[in-house]
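I opened the coordinates to see how the helices fit together. My notes are below.

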Amino acid sequence: MGDWNGATRLKAISLVEILLVHAEDNATQHAEILLQALYKACQDEDGQVRDKAMTCSRLLGHYIAPEVLCRLVLPALLTSSGATTKVAANVAVSSRVCAGCLTVLSEIVCASDPQRIRDSIQVPPFMSLD
């Protein structure tokens, strides 16, 4: 999407939104590719493209299980932030998309079922989600 003009990027992300609405949880098999595109789209200079990318991120959060998305987004976030962990070693994400990863993650969390998020993460004993 980087070398397309603004109007083409807007039409492309609008199409992604429509496809996600129709695919619902069947989009799971394409989640990794979609997330890579959304990380970049959330950093687009066009505000409409960014807004659509955030809507698409919320749709992913609504339709796809949080444990699946966390396994994909968290390693990308660690890698893009410069963390060097075994978990993040095989994820190819540029450091310039760290903000995109955070934006996508925040939209996913906002749209996900809170109980499913609690069930999918390990919370240290000193932290309480209640």
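These entries go from the core to the helix pairs and then to two single residues.

**Entry 1. The model.** I am working with a predicted model. I keep that in mind for every value below.

**Entry 2. The core.** I began with the largest nonpolar core, which holds 25 residues. Which members touch the most others? I found Leu-35 and Leu-60. I then looked up which elements give two or more residues to this core: helix 1 (6–23), helix 2 (31–41), helix 3 (47–63), helix 4 (66–80) and helix 5 (98–111). Helix 2 supplies the largest share, 6 residues. As background, nonpolar side chains in soluble globular proteins tend to be buried together.

**Entry 3. Leu-35.** I listed the contacts of Leu-35, leaving aside neighbours within four places in sequence. The list reads Leu-60, Leu-69, Leu-72, Val-73, Val-104 and Ile-108. Leu-60 is thus a contact of Leu-35, and these two residues touch the most other members of the core.

**Entry 4. Helix 2 against helix 4.** I wanted the geometry of this pair. Two packed helices are described by the angle between their axes and the distance between the axes. Helix 2 and helix 4 pack at about 40°, and their axes are 10 Å apart. Parallel or oblique? Angles under 35 degrees would count as roughly parallel, so this pair is oblique. The crossing of helix 2 and helix 4 is right-handed. From helix 2, I noted Ala-31, Glu-32, Leu-35 and Tyr-39 at the contact. They meet Leu-69, Leu-72, Val-73 and Ala-76 of helix 4.

**Entry 5. Helix 4 alone.** I checked the length of helix 4. Its 15 residues reach 20 Å from first C-alpha to last, close to the 21 Å expected at 1.5 Å a residue. Which residues of helix 4 are buried? They are Pro-66, Leu-69, Cys-70, Val-73, Pro-75, Ala-76, Leu-77, Thr-79 and Ser-80. Their cover includes helix 2, helix 3, helix 5 and helix 6 (114–120).

**Entry 6. Helix 5 alone.** I ran the length check on helix 5 too. At 1.5 Å a residue, its 14 residues should span 20 Å, and the end C-alpha atoms are indeed 20 Å apart. The buried residues of helix 5 are Cys-98, Gly-100, Cys-101, Val-104, Leu-105, Glu-107 and Ile-108. Helix 2, helix 3 and helix 4 are among the elements that cover them.

**Entry 7. Helix 3 against helix 5.** I turned to this pair next. The axes come within 7 Å and cross at roughly 45°. That angle makes helix 3 oblique to helix 5. Helix 3 passes helix 5 in a right-handed crossing. On the helix 3 side, I recorded Met-54, Ser-57, Arg-58, Gly-61 and His-62. On the helix 5 side, I recorded Thr-103, Val-104, Glu-107, Ile-108 and Ala-111.

**Entry 8. Arg-58.** I took one residue from that contact. Arg-58 sits in helix 3. Buried or partly exposed? Buried needs under 20%; Arg-58 has 33% relative accessibility, so it counts as partly exposed. Beyond four places in sequence, Arg-58 touches Glu-107 and Ala-111. The C-alpha atoms of Arg-58 and Cys-110 are 7.0 Å apart, with their positions 52 residues apart along the chain.

**Entry 9. Ala-23.** My last stop was Ala-23, in helix 1. Ala-23 has a relative accessible area of 24%, so it is partly exposed. I also looked up Tyr-63, which is 40 residues away from Ala-23 along the chain. Their C-alpha atoms are separated by 9.0 Å.

How values were computed:
Residues numbered from 1 in each chain as written. Predicted model: local features only at pLDDT ≥ 70, side-chain atom pairs only at ≥ 80, totals over all residues. Heavy atoms only, no water. Core = buried A, V, L, I, M, F, W, Y, C linked by side-chain atoms within 4.5 Å. Buried < 20%, exposed > 50% of the residue type's maximum accessible area, 1.4 Å probe, protein only. Helix = DSSP H or I, 4+ residues; strand = E, 2+ residues; numbered from the N terminus. Contact = heavy atoms within 4.5 Å. Expected span 1.5 Å × (residues − 1). Axes fitted to C-alpha atoms, helices over the stretch in contact; angles between N-to-C directions. Parallel < 35°, antiparallel > 145°, perpendicular 65-115°, else oblique. Left-handed = near helix turned anticlockwise from the far one by under 90°.
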